[in-house]
Amino acid sequence: MSEENGPPPHVGELAGATGSNTSEQRPKASSFDYEQANGVPNIDKSGAWLQSIADDIADYIYLKDSNSRFVFANAIIARDFGYSSPAELFGKTDHDVFSNEVADGFLNDEREILSTGEAKVDYEEFVKYENGIYRWLSTSKFPLKTPEGKIVGILGLARDITERKKLETLRVGQTRVLEMIAKGAKETEVLEGIAQLIEEHFDGVLGSILLLDSSGKHLLMGAAPSLPGFYNEAVHGIEIGPEVGSCGTAAFLGKSVVVSDIQTNKLWAKYTELAAAADLRSCWSTPFFSKTGHVLGTFALYNRQVREPSPKERRLVEEATRLASIAIEKMRADREVLHLAHHDMLTALPNRLKFKEKLDSLLVRCRNKNEQLALVFVDLDQFKVVNDSFGHSIGDEVLKIIAKRLKTLSSKTDSVFRFGGDEFVILVENESVNKDALVPFLVDLRKSLSEAILVHGRTFHVTASLGVACFPDDGTDAETLVGRADSAMYKAKDAGRDVFKFYIPSMSQGLAQRLTLLEEMRVGLETGEFRLVYQPQLDIVDGQMIGAEALVRWEHPYLGTLLPGRFIPLMEDTDLICQLGDWVLSQACRDAKNWNELSDDDRPVGVNVSARQFSDDDFVCRVNKALSESGLRPDLLELEITESLLFRNKDQAAEVMSELRDLGVQLAIDDFGTGYSSLSRLRSFPLTRLKIDKSFISDLDRESGDQCIAQAIISLGNDLGLRVIAEGVETVAQQKILMEMGCREAQGFHFGRPMKLSDLKANYLPKSMPPLATSGV
């Protein structure tokens, strides 16, 4: 302190307080009649009235001499500074009252005023007292001058603006917290910001935010920046209940719990020693809730004194809990969105995006540590049969069971991923991953997947084709490894399914060819490379053409004419099969309209329907559209449905077929006899014709069981009122036997190969089949 030595100043007489009323005797503003040689204002004659008036004023009023020593102060200053009367403050400096840091700030301001003679008006000061209480003051300080203009001291006026500043701080703090929430700050940062916001607003309180865990039974530490670490550790994970302190009870009851004296309240009976060790005497806890009314956690204020919260403290706690609710729900929603972005909703497995992140990080580690890694591609065999036959709800349950089995077999929970549909990927991490070491794992995997699955009283047997690629032998980057595991998986399917295959270099060529062919098919559909040919169907008794089956061909620009067996299987796993099916349906209807205009006889066209087409919700609408646009009568269109498709989902198939029959469309079962159905089950479907599969016709002219099967199909079909047509008739002998069995309709190379529309019209529409040859049979 830079103060002159000497005894404390004497309180002198204030000029103008002598009883005279002349204007000449009145002091000028902030000026004293200087009557003492030591430069101290003399106010002895003022009496008690001046002190009394000043004491009634709520603002700070004080006088200091030129050495910054108090010579006058009102009662509120003495009280806030910790003195019983203003007189106890006289002769003291700010260094006797405040910390050196605060006092030095005051002294520097006053020295500037004393040296310049210029007042400092309406500036803000932050004051923290020794008892921990703080105040914000709006201060004005003026130089005190004698009539001659000599500066002899300081007049200070200060107004307590703490409440206003707290409100400003609260608004700024609320905005800051909301910005943190909006910007996705870490949960601990946001919660600590809320706790500190309230702590800054009240003297002597310590904030705590606890969060309820996913089970709803335990409280976890969210933020308590001012509480001792040992206390926070002891509270973390505590189970809620009816007598578990303030917070545990508030979370359990779902309402506020105020404990003014921890040491005497029964709710704290088990925790009084813990609270005493942390010097905590009272605790007021309020739960905060989700939008749906579930408890998310608690906000608590601790105090080192025995007391209850004031109304203002209660209001601000409510505001804090509102902020906490917003923060927790927003952050949980963000986490949920992030989780959904990286996980499959059905199986809860990490998805393709998470797989890429995981694989990239593993490859970096494997390169740095010279480790190995295996990627196992898992594709369920013919899983769409389950979906088509029993519906997607059953299929989803099966997928969840499959996912659970995969997780059980995998050593790490984040090593199994759902790629989409019926595809999964497993990353096998070991210090030494080689193909020999993988075989036992793959055998167990295949065995586990093929075990029976029971869903809603139905038993399913699902198998999988497995493809394996290893780092670094089969590839050193993610894209290569995925592609080669995929190639191995397709090789497993080609090998008959329900097997596993390791990648070998020759597989890449086959995959590349498949991918190239798929892309060329897309282009071919857009550029009109597909065309239809027609195989005539005849009445084998009178030789008349009674219809024709539409068959698709692909005129590949480089490979020439491709038959359906080359491209249909690839299309069936993509939406291309529906695009092609729509085109075939529309073109066949137009062609049938064309040839039926050339003759008085009705000759329908048969069109094959894929399983994916048939299962689409708008299939009937698309059929109706093709008929409308072509002008073909509905009864001149026959849709051919495979036997296996018919019985995958019996109810759905019957509903769709009924709608088609209502349109007037004819319905036939293609390749009948190759499935597992019986003719008696056909009564539930509105069919019009059966097509005997060619596998039962090829050996018909030899002594074999095929004659019995064909005869049974023809007889029972006739009994059910269904027309029956035989496919694949290639000889006169087969034709004769069919006639003897009572089958009047047939198609096959014996009657005509698939041909262009122009050839069909030229060769079959105006003509009948030659008379039946019987010689040499």
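Ala, Val, Leu, Ile, Met, Phe, Trp, Tyr, Cys and Pro count as nonpolar, Asp, Glu, Lys and Arg as charged, and the others, Gly among them, as polar. Keep this for Exercise 2. The model is predicted.

**Exercise 1. The hairpin**

Task: Describe how strands β1 and β2 are joined, and find the residue with a positive phi in the turn.

Solution.
- Step 1. Locate the strands. β1 covers residues 60-65 and β2 covers residues 70-73.
- Step 2. Take the direction. The two strands run antiparallel, and 3 bridges join them.
- Step 3. Pick out a facing pair. Tyrosine 62 stands opposite alanine 73 in β2.
- Step 4. Look at the turn. The strands form a hairpin, with 4 residues between them. In this turn, serine 68 has a positive phi of about 65°.

**Exercise 2. The largest cavity**

Task: State how many cavities of 30 Å³ or more there are, then describe the lining of the largest cavity.

Solution.
- Step 1. Count. There are 4 cavities of 30 Å³ or more.
- Step 2. Give the volume. The largest cavity has about 130 Å³.
- Step 3. Find the lining. It consists of 17 residues. Nearest the centre lie Tyr60, Tyr62, Phe81, Phe106 and Leu137.
- Step 4. Name the elements. Those that give two or more residues to this lining are β1, α2 (75-81), α3 (100-116), β3 (120-128) and β4 (134-145).
- Step 5. Sort the lining residues by class. The result is 11 nonpolar, 1 polar and 5 charged.

**Exercise 3. Tyrosine 60**

Task: Decide whether tyrosine 60 is buried or exposed, and list its contacts beyond its sequence neighbours.

Solution.
- Step 1. Place the residue. Tyrosine 60 lies in strand β1.
- Step 2. Apply the cut-off. Buried means under 20% relative accessible area. Tyrosine 60 has 5%, so it is buried.
- Step 3. List the contacts. Leave aside neighbours within four places in sequence. Tyrosine 60 then touches Asn74, Ile76, Ile77, Asp80, Phe81, Tyr129, Leu137, Gly156, Leu157 and Ala158.
- Step 4. Compare sequence with space. Aspartate 160 is 100 residues from tyrosine 60 in sequence. Their C-alpha atoms are 8.1 Å apart in space.

**Exercise 4. Unusual backbone angles**

Task: Find the cis peptide bond, and give the phi values of aspartate 279 and alanine 348.

Solution.
- Step 1. Recall the background. Most residues other than glycine have a negative phi, and most peptide bonds are trans.
- Step 2. Find the cis bond. It joins phenylalanine 471 and proline 472, with omega at about 5°. Proline 472 sits in the loop between β17 (464-471) and α14 (478-494).
- Step 3. Take aspartate 279. Its phi is positive, near 60°. The residue is in the loop between α8 (272-277) and β10 (282-289). Its relative accessibility is 42%, so it counts as partly exposed.
- Step 4. Take alanine 348. Its phi is also positive, at about 65°. This residue is in the loop between α9 (311-342) and α10 (352-369). At 45% relative accessibility, alanine 348 is partly exposed.

**Exercise 5. Cysteines**

Task: Count the disulfides, then classify cysteine 470 and cysteine 708 as buried or exposed.

Solution.
- Step 1. Recall the bond. A disulfide is a covalent bond between the sulfur atoms of two cysteines.
- Step 2. Count. There are 0 disulfides.
- Step 3. Classify. Cysteine 470 has a relative accessible area of 2%, so it is buried. Exposed means over 50%. Cysteine 708 is at 58%, so it counts as exposed.

Conventions:
Residues numbered from 1 in each chain as written. Predicted model: local features only at pLDDT ≥ 70, side-chain atom pairs only at ≥ 80, totals over all residues. Heavy atoms only, no water. Pairing = 2+ DSSP bridges. 1 Å grid on protein atoms, 1.4 Å probe; cavity = no way out; pocket = protein on both sides within 12 Å on 5 of 7 lines; lining within 4 Å. Points joined across faces, edges and corners; volume = space filled by probe spheres on them. Disulfide = S-S within 2.5 Å. Buried < 20%, exposed > 50% of the residue type's maximum accessible area, 1.4 Å probe, protein only. Contact = heavy atoms within 4.5 Å.
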